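Biologist: I want the reasoning behind each label, not the label alone. Put the structure up and I will ask.

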Amino acid sequence: MTSASPQMQLVIYTDGACRGNPGVGGWAAVVQQQGDETELSGTEENTTNNRMELTAAVRALQFLDRSSEVRLYTDSQYLRSGITAWINNWKRNGWRTSAGRPVKNKDLWQCLEEASQGHEIDWCWVKGHAGNAGNERADTLANQAIDRLMLHQTDETEGLDAPGLS
């Protein structure tokens, strides 16, 4: 394929985590290109694991500043199957499943589809917690993000209960 500007080739590992489902969630992505690595992560207070898996992929693709050839690794079959197999039927069915129910996380599926535009993406599944370094790093980052949010919440709560603050 020939284009006016050469596409960047990169590898992305994504993961989502949730403590409780729904509960406090974290997402992370490790973006690798030409020997450089960028780590992205964030949290939501009341979410699900599937939403965090989708958010990780959305945020990673939004991070890219130009068209790229991407090999994106996820340990979520929901994410991989949704974007590669189910999404076209959902759109054809007015964002309804084959059973006629509304598609869960429609907002994030639409964001993911938009963030995917302009990129050539190979959506790869990798078994979670199986020793894949990129997947393990993304998992660690997602959980560290949750830890930071929970610590911040605890600090605020402790501050409100501190003597002399009532």
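Modeller: This is a predicted model. Start with the aromatic cluster formed by Tyr78, Trp86, Trp90, Trp95 and Trp109.

Biologist: How many aromatic pairs are there?

Modeller: The count comes to six aromatic pairs. Ring centres must lie within 6.5 Å to pair. In one of the pairs, the ring centres of Trp86 and Trp90 are 5.8 Å apart.

Biologist: Why is the pair of Trp86 and Trp90 called tilted?

Modeller: The planes of Trp86 and Trp90 stand at 55°. Stacked needs under 30 degrees, edge-to-face over 60, and the rest is tilted. So Trp86 and Trp90 are a tilted pair.

Biologist: What separates Trp86 and Trp90 along helix α2?

Modeller: About one helical turn, because the two residues are four apart in α2, residues 77-92.

Biologist: Is Trp90 buried or exposed?

Modeller: Buried means under 20% relative accessible area. Trp90 has 10%, so Trp90 is buried. Trp86 has 38%, which falls between 20% and 50%. Trp86 is therefore partly exposed.

Biologist: What makes Trp90 and Trp95 an aromatic pair?

Modeller: Their centres are 6.4 Å apart, and the limit is 6.5 Å. The planes of Trp90 and Trp95 make 40°, and the pair is tilted.

Biologist: Where does Trp95 lie?

Modeller: Trp95 is in the loop between α2 and α3. Its relative accessible area is 12%, so Trp95 is buried. Phi of Trp95 is near 60°, a positive value in a residue other than glycine.

Biologist: Which value does phi of Asn105 take?

Modeller: Phi of Asn105 is near 65°, again positive in a residue other than glycine. Asn105 is also in the loop between α2 and α3. At 14% relative accessible area, against a cut-off of 20%, Asn105 is buried.

Biologist: Why are α2 and α3 called roughly perpendicular?

Modeller: The two helices pack at about 95°, with axes 11 Å apart. Angles of 65 to 115 degrees count as roughly perpendicular. The label therefore holds for α2 and α3.

Biologist: Which residues make the contact?

Modeller: From α2, Tyr78, Leu79, Gly82, Ile83, Ile87, Trp90 and Lys91 take part. From α3, Trp109, Leu112 and Glu113 do. By class, the contact has seven nonpolar, one polar and two charged residues.

Biologist: How many disulfides does the structure hold?

Modeller: Zero. A disulfide needs two cysteine sulfur atoms within 2.5 Å.

Biologist: Are Cys18 and Cys111 buried or partly exposed?

Modeller: Cys18 has a relative accessible area of 21%, and buried means under 20%. So Cys18 is partly exposed. Cys111, at 34%, is also partly exposed.

Biologist: What is the relative accessibility of Gln62?

Modeller: Gln62 stands at 48%, and exposed means over 50%. Gln62 therefore counts as partly exposed. Gln62 is found in helix α1, residues 49-63. The C-alpha atoms of Gln62 and Ala115 are separated by 5.7 Å, though the residues are 53 apart along the chain.

Biologist: Which peptide bond is cis?

Modeller: The bond joining Asn21 and Pro22, with omega about 15°. Pro22 is found in the loop between β1 and β2.

Biologist: And the overall picture?

Modeller: The protein has four helices and five strands, in the pattern β-β-β-α-β-α-α-β-α. Of its 166 residues, 40% count as buried. Among contacts between residues at least 6 apart in sequence, 66% join residues at least 24 apart.

Key
Residues are numbered from 1 along each chain as its sequence is written. This is a predicted model: local features need pLDDT of at least 70, side-chain atom pairs count only at pLDDT 80 or more; totals for chains, interfaces and linings use all residues. Side-chain values use heavy atoms; hydrogens and water are left out. Buried means under 20% relative accessible area, exposed over 50%, partly exposed in between (1.4 Å probe, protein chains only). Axes are lines fitted to C-alpha atoms, for helices over the stretch in contact, and angles run from 0 to 180 degrees between N-to-C directions. Angles under 35 degrees count as roughly parallel, over 145 as roughly antiparallel, 65 to 115 as roughly perpendicular and the rest as oblique. Contact means heavy atoms within 4.5 Å. Ala, Val, Leu, Ile, Met, Phe, Trp, Tyr, Cys and Pro count as nonpolar, Asp, Glu, Lys and Arg as charged, and the others, Gly among them, as polar.
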